[in-house]
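I opened the notebook today to record what I looked up in this chain, strand by strand and then core by core.

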Amino acid sequence: MTTKTISLALGSGGARGYAHIGVIEELEKKDYKIKSISGSSIGALIGGLYAVGKMDEYKKWVLTLGYYDVFKLLKLSSVSGGLIDVDEVFNRVALMIGDINIEDLPIKYVAVATDIVTQKEVLFTKGKLIDAIRASIAIPTIFTSVIKDDMILVDGGILNPLPINVIMNDDTDIKIAVNLDANMKNNYVVDVPLEYKTREEQLYNEFQKLMKKAELFVPEKILTIVDNNSTKKLQKEIKQKKDIFFILGRTLDTAQSVLSKYSMQNDKADIVIDISRECCEFYEFTKAYKMIEIGRLAAKDRI
């Protein structure tokens, strides 16, 4: 039996992007050969780590982050243009990836960013891999943008959260898209081991302390940005979680959900693996174990 070759489009969706790890692991388990990856935001990060052979190392790291690690990593930014100082986290990722160019990777790789000057998507197909990832994950107002030539580059998910169009002309057997913004019920129940639950609580508590220190809260009265069926649920959640990350995350989820639907209508992937947006919030990077397992289960069911 001939091994099937695959092109992957890895979508944007914040912390839900950990699911990409589970999806890729399941594809490899089924003996598919990944020859091409396009990614926006977290999709560009996980895709780049896989392309350079460091995804397993990254997975091990995020699953074993302890209290002291988080204390060192989570800091408010001292510069304008972003709330969180991402340098500590990104420096760790940069050490994993090393000094390698996209054109020297063993598989085709494309990272998608957004130029807010021209309001157009930017495709990174050559140059330093780490620079491409940094530009693609620059979530507006959270992480500082990247200045390159005459461009101001931010998160690729702003214009193209599911870059299926980038892989459609690849010479591969199957085109697979991983959509992190599926408007559907999450039917996967993951039994998180106690050691990971404890670690997740520590991570979450440190994140909350950071937000409280910054005093980043929004007014009681805000505009609803989702469809009428979700209005009451969202209003209830907003009363309970009024920090700016919750509002920003829901805003990005809403915009990206619409754009992802448009992308899937215009460019038909052979297989779409949907990850429910109910699995976790955009900013809940404490749920690595859960999301990796959900990605694995979703891929197994869909394939």
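I began with strand E7 in this predicted model, and found that 9 of its 9 residues are buried, so E7 is largely enclosed by the rest of the structure.

I then looked up which strands pair with E7: strand E1, residues 5-10, runs parallel to E7 over 5 bridges, and strand E8, residues 271-276, is likewise joined to E7 in parallel by 5 bridges. For individual partners I noted that Ala 9 is bridged to Ala 177 in E7, while Asn 179 has Asp 274 in E8 as its bridge partner.

Next I followed the chain past E7 to Val 192, which sits in the loop between strand E7 (174-182) and helix H7 (194-214). Is Val 192 buried or exposed? Its relative accessible area is 10%, under the 20% cut-off, so I entered Val 192 as buried. I also noted that its C-alpha atom is separated by 7.0 Å from that of Tyr 289, 97 residues apart along the chain.

Turning to the cores, I found that the largest nonpolar core has 64 residues, and that Leu 8, Tyr 58, Tyr 109, Phe 124 and Ile 275 have the most contacts inside it. Apart from it lies another core of 7 residues, including Ala 9 and Ala 177.

I looked up Tyr 109 in more detail: leaving aside residues up to four places away in sequence, it touches, among others, Ile 37, Ile 102, Phe 124, Leu 129 and Ile 133. Leu 129 and Ile 133 are among the buried residues of helix H6, a helix spanning residues 129-136 in which 7 of 8 residues are buried.

Note on methods. Residues numbered from 1 in each chain as written. Predicted model: local features only at pLDDT ≥ 70, side-chain atom pairs only at ≥ 80, totals over all residues. Heavy atoms only, no water. Helix = DSSP H or I, 4+ residues; strand = E, 2+ residues; numbered from the N terminus. Buried < 20%, exposed > 50% of the residue type's maximum accessible area, 1.4 Å probe, protein only. Core = buried A, V, L, I, M, F, W, Y, C linked by side-chain atoms within 4.5 Å. Contact = heavy atoms within 4.5 Å. Pairing = 2+ DSSP bridges.
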